[in-house]
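Please open the model in your viewer, with the sequence panel beside it, and follow this tour one selection at a time. Each stop tells you what to select and then what is there.

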Amino acid sequence: MRQIKDNILNTLVYLCAIFTVAVLVIIVGFIFINGIGLITPAFLLSDYSASGQGGILPMIVATLYTIVLSIFIATPIGVLAAVYLQEYAKQGKVVKIIRFATESLAGIPSIVYGLFGGIFFVVVLGLNYSIISGSLTVSIIILPLIIRTTEESLKTVPKSYREASLGLGATKFQTLYKIIVPSATPGILSGLILSIGRVIGESAAILLTAGTVAKMPTSIFESARTLTVQAYLVTKEKGNIQEAAAIGIVLIVIILILNTLAKLITKKFNKANY
């Protein structure tokens, strides 16, 4: 009877794994089959044209601007908040409430963040529809993810590291700066990889804060259109699935490149620490 149960469980596990891989292959295959025909140097490196003959270079630049700015804003805030919660704050009701709040923020739909960003950053602060407004909004969206992954990374650092450092006369700050954070860096970078994917995939929040101007941005205070917003608009307004799929290919490539770079950096940190 036990052998039968084990066989059933193993079968279910393999079926779930096969199903997951199959769904991924189907989605990626659909995007590549429909969009690969449009991937040309002219499509990638030309300016946008309303006639449909132009390229998506302004959208690529706007997307990269948004990624860099949002990660630059959210990372120090998220990491420092996680360090405080894990290393300095007394573990009690207040910390539990803060953790509950961050977890709740992670579950709020992005459209709600977009409405908030549209009111606060665009109108109240007077930043108007701009890349900086979109980046500030997206940085709030990814903040809970960075805090949570950083906290979990700090928890994996052995307690003996802290005790040994303090026993040798180092201060708590020196222990944190030279021992704990470097040891937790690979996990923190993994959280940043997930955050980059979240930034690239945002469309509703960006649409309501960065706008839809399809021109090459020359400043972060100008309105711009990211790749996801462009994919949404060409699908909604033109029904052009081929162009949307081509944009999807570009997004996949950007994610793969950024993830590869992050993993290489993580490996270097792992070698340096061990």
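A salt bridge, a term we shall need at several stops, is a side-chain nitrogen of Lys or Arg within 4 Å of a carboxyl oxygen of Asp or Glu. What you are looking at is a predicted model, in which local features need pLDDT of at least 70 and side-chain atom pairs count only at pLDDT 80 or more, while totals for chains, interfaces and linings use all residues. Residues are numbered from 1 along each chain as its sequence is written, and side-chain values use heavy atoms, with hydrogens and water left out.

**The whole chain**

Begin with the whole chain shown as a cartoon, where you will find 11 helices and zero strands; here helices (H or I, at least four residues) and strands (E, at least two) are DSSP runs, numbered from the N terminus. Along its principal axes the C-alpha trace spans about 70 × 65 × 35 Å. Of the 274 residues, 39% count as buried, where buried means under 20% relative accessible area, exposed means over 50%, and partly exposed lies in between (1.4 Å probe, protein chains only).

If you switch on the surface, bear in mind that the accessible surface of the chain comes to about 15600 Å², and that 71% of this belongs to carbon and sulfur atoms; such areas come from the Shrake-Rupley method with a 1.4 Å probe, and for residues only the protein chains shown count as cover. Among the contacts in the chain with a separation of 6 or more, 71% are made by residues 24 or more positions apart, a contact being heavy atoms within 4.5 Å.

**The salt bridges**

The structure holds seven salt bridges, and a good one to select now is the pair Glu-87 and Arg-162, whose closest N and O atoms are 2.7 Å apart. Because Glu-87 lies in helix H3 (residues 57-88) and Arg-162 in helix H7 (residues 159-167), the pair ties together parts that are 75 residues apart in sequence. Glu-87 is buried, with a relative accessible area of 12%, and Arg-162 also counts as buried, at 17% relative accessibility.

Next, select Glu-151 and Arg-99, whose side chains meet in a salt bridge with an N to O distance of 2.6 Å. Glu-151 belongs to helix H6 (residues 131-155) and Arg-99 to helix H4 (residues 93-106), so this pair ties together parts that are 52 residues apart in sequence. Glu-151 is buried, with a relative accessible area of 1%, and Arg-99 is buried too, with a value of 13%.

Keep Glu-151 in view and add Arg-148, since these two also form a salt bridge, with their closest N and O atoms 3.9 Å apart. How far apart are Arg-148 and Glu-151 in helix H6? They are three residues apart, which means a separation of about one helical turn. Arg-148 is partly exposed, with a relative accessible area of 30%. Now widen the selection to Arg-99, Glu-103, Arg-148, Glu-151, Glu-152 and Lys-155, which are linked in a network of salt bridges.

**The nonpolar core**

For the next stop, select Ile-56, Ile-142, Leu-227 and Ile-247, the residues with the most contacts inside the largest nonpolar core, which has 37 residues. A nonpolar core is a set of buried Ala, Val, Leu, Ile, Met, Phe, Trp, Tyr and Cys residues joined through side-chain atoms within 4.5 Å. The elements that give two or more residues to this core are H3, H6, helix H8 (172-201), helix H10 (227-238) and helix H11 (241-273), and H8 gives the most, with nine residues.

Zoom in on Ile-142, which, leaving aside its neighbours within four places in sequence, is in contact with Ser-70, Ile-71, Ala-74, Ser-195, Arg-198 and Val-199.

**Two buried residues to finish**

Select Ser-139, which lies in helix H6 and is buried, with a relative accessible area of 6%. Not counting residues up to four places away in sequence, Ser-139 touches Ser-70, Ile-73 and Ala-74.

Finally, move to Thr-66 in helix H3. Is Thr-66 buried or exposed? Thr-66 is buried, with a relative accessible area of 6%, and, apart from its neighbours within four places in sequence, it is in contact with Ile-131, Ser-135, Val-199, Ile-206 and Thr-226.
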